[in-house]
Amino acid sequence: MEREQTIRISPEEMEAQRRFAREFAHLPDRPRTYHIVTYGCQMNVHDSEKLAGMLEEMGMTPAPTREEADFVLHNTCCIRDNAERKALGNVTWLKEIKKQRPGMLIGVCGCMVQEPGMAEKILRQYPFVDVAFGTGNIYRLPELLYRAVDTRRRTVAVPQEQSTLIEGLPIRRESPFQSYVTIMYGCNNFCSYCIVPYVRGRERSRSADDILREVEGLQKQGVQEIMLLGQNVNSYGNDTPGGITFPQLLRRISQTGIPRVRFMTSHPKDLSDELIAEFAENPVLCRHLHLPVQSGSNAILQAMNRRYTRESYLEKVEKIRKAAPDVGLTTDLIVAFPGETDQDFEDTMDLVRQVCFDSAFTFIYSPRVGTRAAGMPGRIDPALATERIERLIALQEEMTQKRFAEMIEKTESVLVTGQSRRNEKQFTGKTSRNISVNFEGSSEMIGKIVPVRITAASKTTLRGQMQGA
Ligand code: SAH
Ligand code: SF4
Ligand code: F3S
């Protein structure tokens with residue numbers, strides 16, 4: 001495994017970028033509006049909030065659609081082939097729009113750009129792309145865009161500096177009451193199917209002081225819920241000896257007065273007793289744990305380099321259920337990994353039945369160039385893969401209904417997040433267990449945590465009645 005040093009971007013470099021942002025506003029014929037199209041996980045969603053923050057510092061304002069924007073930025077994902085194709089397809093589609101509006105600028109960033117060879121491919125095959133950069137150098141957006149506008153030439157920057165730690169970017173947050181806070185970047189796990197370590201770099205943790213300062217600021221602004229982000233939050237602090245552990249960080253964040261804290265994602269191999277105890281003892285911690293299992297077969301787990309067994313996973317589930325029975329578990333599952341036999345797949349089905357997750361994200365294995373699994377023999381026929389995922393989805397739907405049935409007649413604390421577009425009396429929100437609830441309410445409830453009695457369940461959401469209404 002290659003070793004990469006964490007590169008801390010200096011305050012001087014950040015100031016240089018802010019200068020580019022200020023000067024950009026004085027450029028003649030500069031773009032005035034932007035639209036960001038985001039693909040992928042919460043990491044990317046949160047990166048887009050930072051990209052928007054920088055664009056606003058450059059004096060730009062959001063455009064409601066891609067077609068109307070002077071600058072369209074695609075923040076891409078490459079976790080599976082379909083994610084990548086969708087992103088590239090949409091970039092190509094813009095080429096036609098640009099023909100009608102030649103002044104339009106097109107940018108591509110995110111995980112896909114960081115794939116080996118992708119920058120060259122963009123230069124060669126996508127000549128209408130004006131700006132491209134990777135995940136490690138998003139802070140350079142002001143400079144790259146400045147140069148592209150100033151020189152009317154394309155600027156493509158894919159960093160050697162992949163494992164950067166960047167503090168002090170402006171953030172334009174999507175929601176005034178739910179906020180993402182990154183606690184660590186990158187991943188060291190190298191699961192054999194996964195491209196994330198190659199496109200997001202090695203693990204690097206933000207300092208606890210920087211994180212707490214951010215959380216305290218959000219708490220003062222009235223934020224109700226914080227989602228802590230990291231590919232494997234359990235490894236928080238492993239790269240900064242002498243620092244605090246993830247459960248210790250959670251405790252300190254919970255003391256800031258923020259009503260709700262949740263996190264994503266934790267790797268089962270590193271789920272510690274200390275963290276399990278936190279679920280039992282910390283009332284601020286939401287009653288939800290996303291614990292991706294991927295497969296129920298030991299042979300497949302080993303080939304995936306997950307470094308836990310079916311048995312040790314089930315043992316951890318037992319421990320959580322004992323310590324905090326009200327915590328809902330969700331998971332990620334991959335079917336048709338190379339060499340997956342009928343029996344391996346049945347083992348996954350059996351594990352899903354045994355754990356009875358609240359919900360699961362299910363994926364068909366997609367080979368990613370450069371990962372170990374891409375070279376493994378035993379590719380599964382696509383028709384068989386589809387048959388397997390359909391059976392798995394049907395089983396999980398059954399499990400979800402079982403879990404939902406247990407919630408009926410209970411009163412849940414619901415963070416009200418929005419209003420239905422079709423019926424203005426209908427509101428939607430999330431329980432602490434991260435399940436969507438629809439109910440009748442009024443608009444002053446948005447952004448507040450209210451008690452809702454659960455009355456019915458549909459396929460993916462609950463229905464309820466607000467208490468005291
Ligand atoms: N860091 C997180 C997951 C990030 S990717 C974790 O380890 O839990 C989200 C999910 O995408 C993974 O959990 C896995 O189920 C799925 N995934 C990743 N690579 C994949 C691939 N090559 N094919 C299919 N699914 C994949
Ligand atoms: Fe990918 Fe595994 Fe890292 Fe998750 S833990 S991001 S699945 S390599
Ligand atoms: Fe996320 Fe996709 Fe990158 S899942 S980390 S945006 S490859």
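Asparagine 282 is a buried residue, with a relative accessible area of 6%, in this predicted model. Asparagine 282 sits in the loop that runs from helix H9 (273-281) to strand E14 (288-290). Serine 432 is another buried loop residue, with a relative accessible area of 17%, and the bullets below start with these two before moving on to ligands, cavities and a pocket.

**Two buried loop residues**

- With a relative accessible area of 6%, asparagine 282 counts as buried because that value is under the 20% cut-off.
- The side chain of asparagine 282 isn't idle: it makes a polar contact with the side chain of serine 254, at 2.8 Å.
- Ser254 also turns up among the contacts of asparagine 282, along with Leu250, Arg251 and Arg287, once neighbours within four places in sequence are left aside.
- Serine 432 belongs to the loop between strand E18 (426-431) and strand E19 (436-440).
- Serine 432 is buried too, because its relative accessible area of 17% is under 20%.
- From serine 432, the side chain reaches the backbone nitrogen of arginine 287 at 2.9 Å.
- Not counting residues up to four places away in sequence, serine 432 touches Arg260, Arg262, Cys286, Arg287, His288 and Ser413.
- Arg287 is a link between the two loops: asparagine 282 is in contact with Arg287, and serine 432 touches Arg287 as well.

**Ligand 1**

- There are 15 residues around ligand 1, and Gln231, Pro292, Gln294, Asp332 and Ser366 come nearest.
- Glutamine 231 brings an N or O atom of its side chain to 2.7 Å from a nitrogen atom of ligand 1.
- Serine 366 uses its backbone instead, with a polar atom there 2.8 Å from a nitrogen atom of ligand 1.
- Tyrosine 193 also takes part through its backbone, where an N or O atom lies 3.0 Å from a nitrogen atom of ligand 1.

**Ligands 2 and 3**

- Around ligand 2 you'll find Cys187, Asn189, Phe190, Cys191, Tyr193, Cys194, Val196, Pro197, Gln231, His267 and Arg306.
- Sorted by class, that shell around ligand 2 has seven nonpolar, three polar and one charged residues.
- Ligand 3 has Gly40, Cys41, Asn44, Cys77, Cys78, Ile79, Cys111, Arg200 and Gln231 around it.
- The ligand 3 shell breaks down into five nonpolar, three polar and one charged residues.
- Gln231 is worth clicking on, as it appears around ligand 1, around ligand 2 and around ligand 3.

**Cavities**

- Searching the whole structure gives three cavities of 30 Å³ or more.
- The largest cavity comes out at about 90 Å³.
- Its lining is made up of Met14, Gln17, Arg18, Ala21, Met54, Glu57, Met58, Tyr139, Pro142, Gly168, Leu169 and Pro170.
- Helix H1 (11-24) and helix H2 (42-57) each supply at least two residues of the lining of the largest cavity, and H1 gives the most, with four.
- By class, the lining of the largest cavity splits into eight nonpolar, two polar and two charged residues.

**Second largest pocket**

- The second largest pocket has a volume of about 420 Å³.
- This pocket is lined by 23 residues, and Lys50, Ile166, Ile171, Tyr185 and Arg206 lie nearest its centre.
- H2 and helix H7 (208-220) are the elements giving two or more residues to the lining of the second largest pocket.
- H2 therefore shows up twice, since it also supplies at least two residues to the lining of the largest cavity.
- The pocket lining has five nonpolar, eight polar and ten charged residues.

Technical notes. Residues are numbered from 1 along each chain as its sequence is written. Chains are lettered from A and ligands numbered from 1 in the order in which they are written. This is a predicted model: local features need pLDDT of at least 70, side-chain atom pairs count only at pLDDT 80 or more; totals for chains, interfaces and linings use all residues. Side-chain values use heavy atoms; hydrogens and water are left out. A residue is near a molecule or strand if one of its heavy atoms lies within 4 Å of it. Ala, Val, Leu, Ile, Met, Phe, Trp, Tyr, Cys and Pro count as nonpolar, Asp, Glu, Lys and Arg as charged, and the others, Gly among them, as polar. Buried means under 20% relative accessible area, exposed over 50%, partly exposed in between (1.4 Å probe, protein chains only). A polar contact is a pair of N or O atoms within 3.5 Å; within protein, one must be able to donate a hydrogen and the other to accept it, and residues adjacent in sequence count only if both atoms are side-chain atoms. Contact means heavy atoms within 4.5 Å. On a 1 Å grid over the protein atoms alone, a cavity is a set of points where a 1.4 Å probe fits but cannot get out, and a pocket is an open set with protein on both sides within 12 Å along at least five of seven lines; lining residues have an atom within 4 Å of a point. Grid points are joined across faces, edges and corners, and a volume is the space filled by probe spheres set on the points.
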